[in-house]
Structures are given as C-alpha cells and as structure tokens.
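Student: I have not looked at this structure before. Could we go through it step by step, with a reason behind each answer?

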Amino acid sequence: MTQPLPMTGAAANVNLAGLGKNDYKGNPTTLCQGCGHNSISNQIIAAMYEMSVLPENVIKFSGIGCSSKSPTYFMNRSFGFNSLHGRMPSIATGALFGDATLKGIGVSGDGDTASIGMGQFKHIMRRNVDMVYIIENNGVYGLTKGQFSATAEKGLALKKQGTNPYMPVDICMEAVITNATFVARSFAGNPKQVKELLKAAFAHKGIAVLDIISPCVTFNNQSNAYHSYAWGKDHEEPLHDITYIAPRSEIMLEEEMMEGEAREVAMHDGSVIILKNLDHDYDPTNRAEAIRILSEAQQNDWITTGLIYINKDKPTLEETYNLVDAPLNRLSESDLRPAPAMLEKVNALMF
Amino acid sequence: MNKVVNDFSIIVGTKNGSGSSTANNTILRAIFKMGIPVSGKNLFPSNIQGLPTWYTIRANKDGFTARRETNEIVIAMNPDSFIRDLASVAPGGAFFYADDLKSPITRADIAVYPMPVKQLVRDDPNVPSDFRELVGNMIYVGVLAHMIGIDVEMIRTALDFHFKSKQKPIEMNMGAVKAGAEWAKANLDKKDPYVLEAMDVTHGMIMSDGNTAGAIGSIFGGAQFVSWYPITPASSLAEAMNDYLPMLRKRDDGKNTYAVVQAEDELAAIGMAIGAGWSGLRAMTSTSGPGLSLMTEFAGLAYYAEVPVVLWDIQRIGPSTGLPTRTSQADLTFVNFMGHGDTQSIVLLPGTVNECFEFGWKSFDLAERIQTPVYVLSDLDMGMNQWMSQPFKYPSQPMDRGKVLWEKEIEELKGNWGRYLDKDGDGIPYRTVPGNKNPMSSYFTRGTGHDENARYTEDSGVFRENMERLKRKFDGARNLLPAPEVRLTKGATIGILAYGSTEPAIIEAMHQLEVEHGIKADFMRIRALPFSQEVKDFIEKHDEIFVVELNREGQLNQLLTIEFPDRAVHLRSIAMGDGMPASARWVRESLLEKFDAGKAGRRNKAKSAANKTKVKKEAAAPKKSSVKTKKSPAKKTSSRKK
C-alpha cells in the first residue's frame, strides 16, 4: 500500500513505539473547513502518538455520514471499515473477535448513532465490546444538506426545515442507562479535554462512549443553536479538569493541589486518570449521580463535559467468551477441524 | 386378508405442546432400527400449546420416503381434530383413537380401534399424575406396536437414545408402551392389513435433521463465529452449534476457538458475521425469509467489499410472516439477486442431510476462496425433520483459506499489493486481515466506490472496471461449485430439473411414470447457482424439461429462462407453494398434465391415456407395485458427479 514505513534512526520526535506523528496521519480531510470533526481527528492522532499506540493494534470503524468519513483522515496504518448507516456496532463486534488483542476506535455521528443506529448502539453497550465509541454530535445531517437529527434540540430552526418539534436524544443519558462502562462528553472547541478523554477512553477496558459536541459550520452553527461553537463556549460546564497519565510515568500532582481536590482513577493498564475538582467533587463511579448531573444539564441547556461515568470492573465481551490466547484469525486447520475419530463419534449419535 | 408389508403411512393427530414428539420420534426410530426405510415429518402449527398438530411417518420397503397425501393408519389423540382425522383415513385403513374422545364413528370402511389411554396411565402407579399426559402418548406407541408389529426392543433402543440412557424416564415410558401392547393383545383383533416386518436396508445408516447436519458440517468446516437471531425454522441450526461446539472444539484447557453470539436482530446478526469474516474468521449466520429480508443491505456490502461470510436460509413459506412453520422453496430468486445495484450470489442447494453436512464445511472454503457471501438454501422440511442418511463423510479436501496475505507474504511483495488488484487474472484479489503487523498490510474497507488499492474514488471508469472484475470472479466461480447430481435413464424422452428437498418425491414419481405410464425421464438435481455447464448440456439434450419446485412462480424456471432464453420454450414449470413437502402424486399428476401438451407427450399419448384410470386408483390406495427399484433412493443417487 501507500503508507510510508517509519523512519529508522530518526531519534527526534519519535514516541516510545519509535514512531513519529506522521505515522498516525491519515489522508487530507474532505470535510468543510472549520468542521469540529477535523479537530477531533487531529486529537485522535495526537492522543495515539502520545500514548505510543502501534497503529497495527487498532481497527477503525464507522457507519455512514460526515463523521463516518473521518476514519480516513487519521491513522492510515490501521485497518478500517466504513460500514453501513447505523451498523458500525455490529461490524465492530464481529471484527474484534478476529483478534481480541486489537482495540477498536469507532467514529459515528448523531444520526448514525441516535437515529438509524440506536438499536445497535444500545446493544454494543450491553455487550461491553472493547472499543472507543466516538459520536461526533452536531445535531444535524450534513451530507444530505441540513436536516434535523435526533439530538437536535426542540425548537431549533433550520433553513428549509422549519422548527424541530421533537425532544432531543441525550446520548450520554442513553449510555449511562444502558450500563455503558465509560461515558464521557466533550466539546470539539476544547481540544485539550478531548485529547485527555480520548486517552482515558482508549485505556479503558470495555466500551467507552465519548459524545463530542462537534459543530457543523455549514448547517447548524448559528449562535443560538445548542451544537454551535458559540453556545458551547458559553455553556460548557466541565465537571473537572482531566489529565491522563500513561503507565510508567511518575504521577506528579501539582503542589498546590490539596487532598480532596483531585480524584485518581487507576486504570487496568497501569495508567491513571487525574480528575481535578472544579466547583465541587464529582464521583464518576456513582451511576445515580451521573444520571442526576445529566438531568441537571438537560434542564439548564448546559453542555456538561468530562468523565461522567466509569465502571472498570465489568468483563469485556471477548473476556466473557473465554477465548484461546492466540488471535482466532491465526488459528490453523489443526485447531479448527476436529479429527476423523470425532466424526465417527458424531455419526454414532445420529439416530 | 392379504397383508400389506412395509408400505404404508401413519399420521398422528395430537395437541401441540402435549409432548407427543417423544412418542412419534420413538415410533420413527424403532421402525428405522428394524431396518425398514422410513421418514417422519412434523406438520406443526405456529403455536406453543393447544392447536392441532400432526406427525406423519412413512414406511416403505422400496425406499420411497416422500410425503404421501394418503394415510392408511390414523391415530387420533386430539378432540379438536377428531372429525378431520377420522375422515382422512384411507379406505381399508385403520383408525386408532383415545376412547375418552366421545365423537361418533361415522365410517364403516375402515378398522376402528379405541384405546383406553387415560385408564391405562391412571392404572400405572409408577406414573406421577403430572406426567400422565406425556406418558399417555406412549400408550398409543404400545398399542400400535402390537397391532402393526413394531419390535418392542427397538422401542427400548429408541427411548434409551432419546433419554440418553437415563433409566427412570426410560422405564416409565416403557411401562406405558408395554401396558398399551398388552392391552391391545388382550382386547383388539387385527382387522386391517398393514404390518411391519424387519428388513436390513437401513443398517449402517444414520438419522438426522438437516439443521443438525448443517451445524455439525460447519463445525468440521472450522466455523469460528456464529451470530444469529431466533426464527423458525432456522433456530435449531444455531442451537445445534451450541450443542456440538463444546464437544467437538473446546480445548483441553477449557478455552474456546469459537464464539456464538445471539444478536439483537438479523441486521446485527449479519453485521457481526461480516465483521468477523472480514477480520479472517470463518463466520456464519442462519435465518429464514423475514430475517434474510433484513439482511439484504449488508449482503450487498459484503458482495461489493468482497467479504467472505456464510448465510444459511432455512426457507419457510412467505411472503411476509406467511406460514412460519411450513416449508417452501420460494427464496431462490430473492437470494440469487439479493441486494440493490448489480449483484450476484453464490447459492448452494443441499438436497439431502448429508449435503447439509457437506455444504456446512464447503461453504466456508467457497466463501473464503471467492471472497463473497455464500448462501445455503435449505428448507423447513429438510432442516427440521428427521431423514435417513448415509453417515456423514469427513471433508474430502483440506481447508481452503483463500488468498490471504500475512506479514511474510507482504514482506516478500515489498508492499506491492492492492486489495482489489486482479493479480492472477481470475477476478479474485488478495486480502489481508486485521492483526497483520506489517505496516503495509492495512487497507480501508468501504461500500463506496473504490479503486484497486481500496481508495475512495468516484471515477466512472474505475467503478465500471471493478464491477466487470466482480463479474469475472463469479463466472470463474461456476467451476468451483458442487456439480449437479444426475440420474440418467436409458431411453429417457424427457428431463426433470429440481433442487433441494423435493428429490424423494421426484424419484418416486419417476418410478411411477416409468412403471405405470412408460415415460422415462432423466433427472438433474441442481446443487448450486450460478448454473454450471452441466445444466446447459442437460437442457440442450432434452426437448422437454420439467422444472419442479415448491413455490408459486416457478423460480428456478425463471432463472433458467433468463440464462438460457433460447431453450425457454422447452421448459415446463411444475411449481406450487402451499407449505407442504412435495408428494410423488403431485409431481406425477402435474407432469402428466403438462406432458400431454408436449412433443414427447404426443408420442406417448395413447399409452398415457390407457393408464389414466390406474392413476386415479393409485392416488387413493397404496401402491402395490411388484417392480423392484434398482437403487434405493436412500442410497447415493448420482451416476455422474464431479
């Protein structure tokens, strides 16, 4: 294929995997200039580079829509599957059985997930498939030129569409209700937080739902729209200041941080997520509290961002299946075809 | 009274959910173990409990085991179907009924045997009261055993199998069988001619349903990923995978080389299977018509993105929900053209349970070789009923994993490969799968327009060339598919074409046509789509070809007409979809009706007319042919096979 091999001997600007940032790049974007999705693609590149993830250990997935185009714009060295509208979850579920050592990064949109794909979205969370599930949420259908999506707020007025008569779907609320094991919300206008949450999501074992408000500059960026840059800047309410600390790094809390001002979430891979309190202490392991703050945000039209809920102790789908250690797609005929004697045994049972 | 030995049909009418399937399977298995060719078909309603249900058993010394429309022995256990059951007994036949059903007996032309079912069960202290209805069914097994001569030891063998050698239920059921048999011996006089006598025709054979056979075949094909959603009549295929995978494939350390996922719907079932197939697993799903309709969009993606996956369609009769528990062959054109845009399908058509096993493993080889969905079209009759069969045969070829490149091969190619590049000129490109650590191995899969390197493109020329390559790939695939089974008859004037589970009815009809009407036919059973050269040759060789199938439209006939338009006038469609398995009578009478209009028909018209009275007579009474078939249809039928 066309991807360049890593430069050998280039000591500068390489990560622990020996890769430069270029090794995480994709094709040039074909989305609109200023689209929130491009900013998210850049943060995925940065997060994966900084975490020293081997691109070959990642599979990219998407459905259909503007957001679903974006996996071509990052990590060309990873396998990718741009599937059907609303059906990314089933493709990812099956594909990750091929080699359970791989991690999935899925990019979907609010139409792809909360309209046509709501059923599969709910069930992939139920199954706790080991992947990062990003929703680039802009409240509007871009590729079909500006129709309301299921996350558009009631009363939103769009050119040609009139006024939206329906209540919006709250993706994070759906995720918490369905027992997703990692639920976070962010805003594309806050790239630092997006990147830290991406790292935390990637380090999580199981499904990590990341709902990122990602404004559509062409069809839904008027300043009074919930999914616009202007609204996000004015109404974002971060729960905490989040920092991801990679395994092996020494954890250095800021000196002035008093006890009780920060929370540490130790991940299974040895990494740590530091949540620095802002207004008040928020416990992301408390599911009832997660539902409460999401309700509060709904009532006040806030964009509450940060790590909303985490449960590190549920087995992933692949773990539940008690698979052999070798990737299933590396098994050979001797592993897969029972011996002739077994067929005699079967024939004896057929009566 | 002359005895009629090993040549009659039994039908049992019971209430759905009353537990009669154990009794009926026991009769079937006992007759099979007596060495007599036999078949059993469950004609059941879409219901859990309460509605009338029937089970037919046919014993036939010549090996004809298709469904008959006539039953010489009727057993009535259900008040709701009593009148209908009584009316259905063939003249001169036998009617057994539970004597607590207080309906008047209105027939004088049959033998009538009331059975004190409830009394006998109540009298047995070993039967707890809540087991009385279940065990009551074994009373008719015992009565029937005495009256027609089923070997009681074979009944014990059948029960031992059914209850996996658990003594308590075996003894409880045997108690009822014996009580029924002893009561019959003391109280009933045989007034009908139908009896069984042991033979040695079925020894060495097995009994299986097609879904179990397909599941086990798939396991021997190395199935690694099964995703499915419950639907009659396909559920038992996935359930059989769950039954047999642990026994056949679990590692000594208790770890699994496979995964079976019950999906939330058929959209997800096919999506997961395609995801798994894409990532290099032998992946499959099983469904029926309504599920297949939901899978259509994904099937098109797999065709265009060239993902191997196997889909079993256990056909039931549609459209829509249709008759969910009745058989059909009406998904053929749907599957052949499945998907929007220009698509093609590889379709395998098993006609025996042994072929369900064989296509179980072969379908994976073909899917991975051709990199496309492979459909296996079975049906409810094949999938859910018990069929006699030769033992399953171990796969004759090693696994064919197709053109897959791992790290070493990519290294050797120095990265010079393209996912959709036709390097070998056969239209089949090389693929890589996730987990390959060579940085040059990855590609981006999409259902949008793509070039040889899997890159997005909207270029018209590139799109057309790719579609032409896909067509080449499918043309080449014809030679890889299972060849038709052919049965040639010396002096044949007509040809018969069919597929799937109708073969027993056709073989029997051919025998009748030859013996009673002097009409000789060659028979070809098609086992795959697209058609192979053999099909073309067969159609060109015969002036009159009858295409027999269980659907309204004559779908195989439609496909043949499209593929061989210049032979269309030689094709005669014999097609009906009423949910019932084919009978020889239907095949024979439909053929005679159309045959009279044909060229060969005019030649034989006089002969045919002379035999017409005989046709009618046979329809109502059992065949008493003295002509022996040369081959038992239970044995291998092919005389020409690739």
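Student: In which sense do β2(A) and strand β18 of chain B pair?

Tutor: Keep in mind that this is a predicted model. Strand β18 covers residues 444-446 of chain B, and three bridges link this strand with β2(A). Within the pairing, A:Phe81 stands opposite B:Thr445 in β18(B). The sense in which β2(A) and β18(B) pair is parallel.

Student: How many residues of chain B are in contact with chain A, and which element gives the largest share of the side of chain A that touches chain B?

Tutor: On the side of chain A, 49 residues are in contact with 57 residues of chain B. The elements of chain A that give two or more residues to this side are β2 (79-82), α3 (88-98), α5 (118-127), α11 (333-336) and α12 (340-349). By kind, the residues of this side divide into 17 polar, seven charged and 25 nonpolar. The numbers asked for are thus 57 residues of chain B and, for the largest share, the eight residues of α3(A).

Student: Which helix gives the largest share of the largest nonpolar core?

Tutor: This core holds 272 residues, and those that touch the most other members include A:Val183, A:Leu210, B:Ile31 and B:Phe95. Leaving aside residues up to four places away in sequence, B:Phe95 touches, among others, B:Val74, B:Leu86, B:Ile110 and B:Tyr113. Another core, of 13 residues, lies apart from the largest one and has A:Cys35 and A:Phe148 among its members. The largest share of the largest core, ten residues, comes from helix α4 (residues 132-148) of chain B.

How values were computed:
Residues are numbered from 1 along each chain as its sequence is written. Chains are lettered from A and ligands numbered from 1 in the order in which they are written. This is a predicted model: local features need pLDDT of at least 70, side-chain atom pairs count only at pLDDT 80 or more; totals for chains, interfaces and linings use all residues. Two residues are in contact if their C-beta atoms, placed from the backbone, lie within 7 Å. Helices (H or I, at least four residues) and strands (E, at least two) are DSSP runs, numbered from the N terminus. Ala, Val, Leu, Ile, Met, Phe, Trp, Tyr, Cys and Pro count as nonpolar, Asp, Glu, Lys and Arg as charged, and the others, Gly among them, as polar. Two strands pair if DSSP finds at least two bridges between them. A nonpolar core is a set of buried Ala, Val, Leu, Ile, Met, Phe, Trp, Tyr and Cys residues joined through C-beta atoms within 7 Å. A residue is buried if 20 or more other C-beta atoms lie within 10 Å of its own, exposed if 12 or fewer, and partly exposed in between; C-beta atoms are placed from the backbone.
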